[in-house]
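I opened this notebook page to record what I looked up, step by step. The entries cover aromatic rings, one helix and a pocket.

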Amino acid sequence: MLTRRLAEAGHYPAIDIEQSVSRAMNEIIGKEHRQLVRRFRQTWALYQQNRDLIAIGAYQRGSDPRLDEAIRLQPLMAQYLQQATDEAVDLTLALAQLDALFPAEPGGAGMATGGGET
């Protein structure tokens, strides 16, 4: 879903990933890609839900390891969601960048940059 708030902040494309729901996405991406997208969205949402506490200094680092990770990753995630208006991003590169944000956990399945299911 495109939002004026993001557009006015210079965020392009101005897609609010918390409000955006794609019915087609699950039909065209592989399992590993879906897992990375889910983790990205959950981490992004966790940060957004706690943004006010973080901004006023009410959150104490170490209280919640997941929120600590969200705080650490937030600038990188925001950068990942943006591109220049004249920039095209190759799917393979986008998947590699997403995979770099959320590397496979020990014992977990990693994501091949090809994005296909195994």
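The entries below follow the order in which I went through the model.

**Entry 1, aromatic pairs.** I kept in mind throughout that this is a predicted model. I began with the rings, since a pair of aromatic rings is described by the distance of the centres and the angle of the planes. My count came to three aromatic pairs. For Phe-40 and Trp-44 I noted ring centres 6.4 Å apart and planes at 10°, so I entered this pair as stacked, the cut-off for stacking being planes under 30 degrees apart. I then looked up where the two residues sit, and found them both in helix H3 (residues 31–55), where being four residues apart separates them by about one helical turn. Both Phe-40 and Trp-44 are buried.

**Entry 2, a second partner for Phe-40.** I next looked at Phe-40 with Tyr-80, an aromatic pair with 5.6 Å from centre to centre and 50° between the planes, which I logged as tilted. This pair links distant parts of the chain, as Phe-40 belongs to helix H3 and Tyr-80 to helix H4 (residues 65–80), with their positions 40 residues apart. I also checked accessibility for each partner: Phe-40 has a relative accessible area of 5% and is therefore buried, whereas Tyr-80, at 26%, counts as partly exposed, because buried means under 20%. Finally I noted that Phe-40, Trp-44, Tyr-80 and Phe-102 form one aromatic cluster.

**Entry 3, helix H5.** Which residues of helix H5 (residues 91–101) are buried? I listed Ala-94, Leu-95, Leu-98, Asp-99 and Leu-101. They cover an arc of only 155° around the axis, and I therefore placed them on the same side of H5. When I asked what covers these buried residues, I found that H3 and H4 are among the elements that do. At the start of H5 I also recorded that a side-chain oxygen of Asp-90 comes to within 2.9 Å of the backbone nitrogen of Thr-92.

**Entry 4, the largest pocket.** I turned last to the largest pocket, for which I wrote down a volume of about 1,000 Å³. Its lining consists of 30 residues, and those lying nearest the centre are Ile-17, His-33, Val-37, Tyr-80 and Leu-81. I then sorted the lining by helix: helix H2 (25–28), H3, H4 and H5 each supply at least two residues. Which helix gives the most to this lining? I found that H5 does, with seven residues.

Key
Residues numbered from 1 in each chain as written. Predicted model: local features only at pLDDT ≥ 70, side-chain atom pairs only at ≥ 80, totals over all residues. Heavy atoms only, no water. Phe/Tyr/Trp six-rings, centres within 6.5 Å; stacked < 30°, edge-to-face > 60°. Buried < 20%, exposed > 50% of the residue type's maximum accessible area, 1.4 Å probe, protein only. Arc of directions from axis to C-beta. Contact = heavy atoms within 4.5 Å. Polar contact = N/O pair within 3.5 Å; in protein donor to acceptor, adjacent residues only side chain to side chain. 1 Å grid on protein atoms, 1.4 Å probe; cavity = no way out; pocket = protein on both sides within 12 Å on 5 of 7 lines; lining within 4 Å. Points joined across faces, edges and corners; volume = space filled by probe spheres on them.
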